[in-house]
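Biologist: Could you take me on a close look at one part of this model, the stretch around the salt bridges near the end of the chain, and then show me how other spots compare in kind? I'd like one connected answer rather than a list.

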Amino acid sequence: MASPVLDGASLIGGAGGLEQTVADVHVCAPTEPDLAQFSAHAALILDTPSGYQLETILPRARASQASVLIVRTGPAAVLSSTRWLADRLALPLIAMPEATPLGLAQRLHALVHGAETHRGLTCARLAAQLSRRPASPASTVRALNTLLPAHCAILSSEGTPLAGDPPTRQLDDTLRTAVPATIRDEAGVLIALPAGATARRGAPLWLIAETAGMTDTELHTIKAALDIAAWAVTAWSTTNQLEAAHNAAFQASVLTELLTAGDQVTPQTVEQALEAGWTLDGWHIGVRIRPTDTTARRSQATTTRLHHALKAHQLPAPLVELGGSWAAWLSEPDEPTPNRFSAVIAAVRRSLTSMPGTALVAGIGRAQPGPTGLAKSLTEAWELAQIAGFSPGRHRIEHAGTTDPRRLILAVVSGNETVRRSHLLLGALLAPANKTLLDTLETYLTLESSASATAKSLHVHRNTVLKRLDRIEKLLDMRLEDPAIRFALRIACSAAR
């Protein structure tokens, strides 16, 4: 009633129904109108009905759940009984003698559906902007901040901002789910919408819109816009994942060719290495990184974290996932000095330490020149990574050293024949059901055959260790008190791993 659209209108009955919502607008014929065809909660406009016609239409309009009845007639032409009926039905009755039904309907339609029109235009403008490639997180947030009355951002599932300013609220619990959330508190309103969610991995990305306050209309507009943006961000993420998978497969293929080429690196392999952005000239220090838990599932996220960790510690090296582990190397034009080699070791150690929750170990090969040298350094690094670990007697980072006796042991136990004989020697201990016994034996032999030290390392009672050793002797039909047998079993355990 306060809108300029209804200037000159008079409320002549039904004031008790003024709180009703108007959801649509319809023009009706004054003679026998079919009100059943109209939607509920509508404003019905009639062109100059007679007093009798209007009085019969009122009950039917109420039955059809109309919100208001607007008639093109003067207030004096409406019968007092009609006004009484409108009051009784709580159906607002408005007289507008100067109105043209169709013109009034158009103006009222724009008034009623203004919020929906604005929402549709906002979403259309957003879709047009996001259709321009590339629809990255940064460009998506810029578009959202331009069109919406809110501060927007895109976060990873860990809460790391990919674009936009981080929200003022802590969202750890929200980001662990894949369920949209609307948070209202004294600071205002925050909307969190997941993007790219799957049953297996949850929601990798989140769209955030935050404002000091918003109306319900603005809330619906922001949610609709975030829905559109979520599709764009999901498409961007999926495209990046496909490209990353393609690049990873290509790099793994090229590196495999390089490692198996021996001294005969083909021009095609060199060309593909250059296409991958690698430098094959100069000197190379190979690094191989592997998880100690071979059953743990590796993901692109772990590879990305490892790449960032190496780069953050001054090792901007290529990183290639290869056979469930990673290969990296540092290329320099001149032969690295011993101090430079020590700096690389320290940087790898800091990189792995900066990744909590990932049990990673590494081997570092000596510096070698040229394409074949890169292959030799990476091969040596992989051999060293095999003896790296967290158990007593092992180091998390193993590196090439001319006097390191563990490299001599590795050379002994890495042959195929040694591996075959080790499997024969250990026999039943290699069965999955006896893994605990095998771990106990290896720890016992590593700790100089001390049952007390073994119990402390395995966090069990000393008597438990003694019982396991007795069981091992019976399974192998050997006596562990014999030094020669202990030495052979220690080599066998290393070779069988």
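Modeller: What follows starts with the salt bridges you asked about and then moves on to other parts of the chain.

Bear in mind that this is a predicted model. Let's begin in helix α16, which covers residues 462-476. Two of its residues, K474 and D470, are joined by a salt bridge whose closest N and O atoms are 3.4 Å apart. They sit four residues apart in that helix, about one turn. An α-helix has 3.6 residues a turn, so residues three or four places apart point the same way. As for cover, K474 counts as exposed because its relative accessibility is 61%, while D470, at 35%, counts as partly exposed.

Next to K474 in the numbering is E473, and here the picture is another one: with a relative accessibility of 15%, E473 counts as buried. E473 makes a salt bridge too, with R479, and the closest N and O atoms in that bridge are 3.2 Å apart. R479 itself is partly exposed, at 47% relative accessibility. R479 also meets the side chain of E481 in a salt bridge, this one at 4.0 Å from N to O. That 4.0 Å sits right at the cut-off, since a salt bridge is counted within 4 Å. E481 is exposed, with 60% relative accessibility. So R479 has a buried partner in E473 and an exposed partner in E481.

Between these residues comes D477, in the loop between α16 and α17 (483-496). The phi angle of D477 is near 60 degrees, which is a positive value in a residue other than glycine. D477 is exposed, at 71% relative accessibility. There is a second case of this kind to look at, Q314, where phi is again near 60 degrees and positive in a non-glycine residue. Q314 is in the loop between α9 (300-312) and β12 (319-322), and at 57% relative accessibility it counts as exposed.

Back to the charges for a moment. Side chains of opposite charge can pair when their charged atoms come close. The count for this model comes to nine salt bridges. Elsewhere in the chain, R169, D185 and E210 are linked in a network of salt bridges.

Polar contacts are worth a stop as well, and H113 is a good place for one. H113 lies in the loop between α3 (101-112) and α4 (114-130), and it is buried, with a relative accessible area of 11%. The side chain of H113 has a polar contact of 3.3 Å with the side chain of D24 and another, of 3.2 Å, with that of E116. D24 is 89 residues away from H113 in sequence, yet their C-alpha atoms are 7.7 Å apart in space. Setting aside residues up to four places away in sequence, H113 touches A23 and D24.

Now for the aromatic side. A search of the whole structure finds one aromatic pair. The pair is W278 and W329, with ring centres 5.0 Å apart and planes at 90 degrees, so it is edge-to-face. It links distant parts of the chain: W278 is in the loop between α8 and β11 (283-291), W329 is in strand β13 (residues 325-332), and 51 residues separate them. Both rings belong to buried residues, W278 at 4% relative accessible area and W329 at 2% relative accessibility.

The helix before that loop, α8 (residues 267-275), holds T269. T269 is buried as well, at 4% relative accessibility. Apart from neighbours within four places in sequence, T269 is in contact with V254, E257 and L258.

For a buried face, turn to helix α5 (residues 137-147), where the buried residues are P137, S139, T140, V141, A143 and L144. These residues pack against α4, β6 (151-156), β7 (161-163), β10 (205-211) and α7 (216-260).

Last, the outside near the start of the chain: M1, L11 and L18 make a nonpolar surface patch of about 260 Å². Of these, L11 lies in strand β1 (residues 10-13) and is partly exposed, with a relative accessible area of 32%.

Key:
Residues numbered from 1 in each chain as written. Predicted model: local features only at pLDDT ≥ 70, side-chain atom pairs only at ≥ 80, totals over all residues. Heavy atoms only, no water. Helix = DSSP H or I, 4+ residues; strand = E, 2+ residues; numbered from the N terminus. Buried < 20%, exposed > 50% of the residue type's maximum accessible area, 1.4 Å probe, protein only. Contact = heavy atoms within 4.5 Å. Polar contact = N/O pair within 3.5 Å; in protein donor to acceptor, adjacent residues only side chain to side chain. Patch = residues over 30% accessible without salt bridge, like charges linked within 9 Å, V, L, I, M, F, W, Y side chains within 5 Å. Areas by Shrake-Rupley, 256 points an atom, 1.4 Å probe, with all protein chains shown as cover. Phe/Tyr/Trp six-rings, centres within 6.5 Å; stacked < 30°, edge-to-face > 60°.
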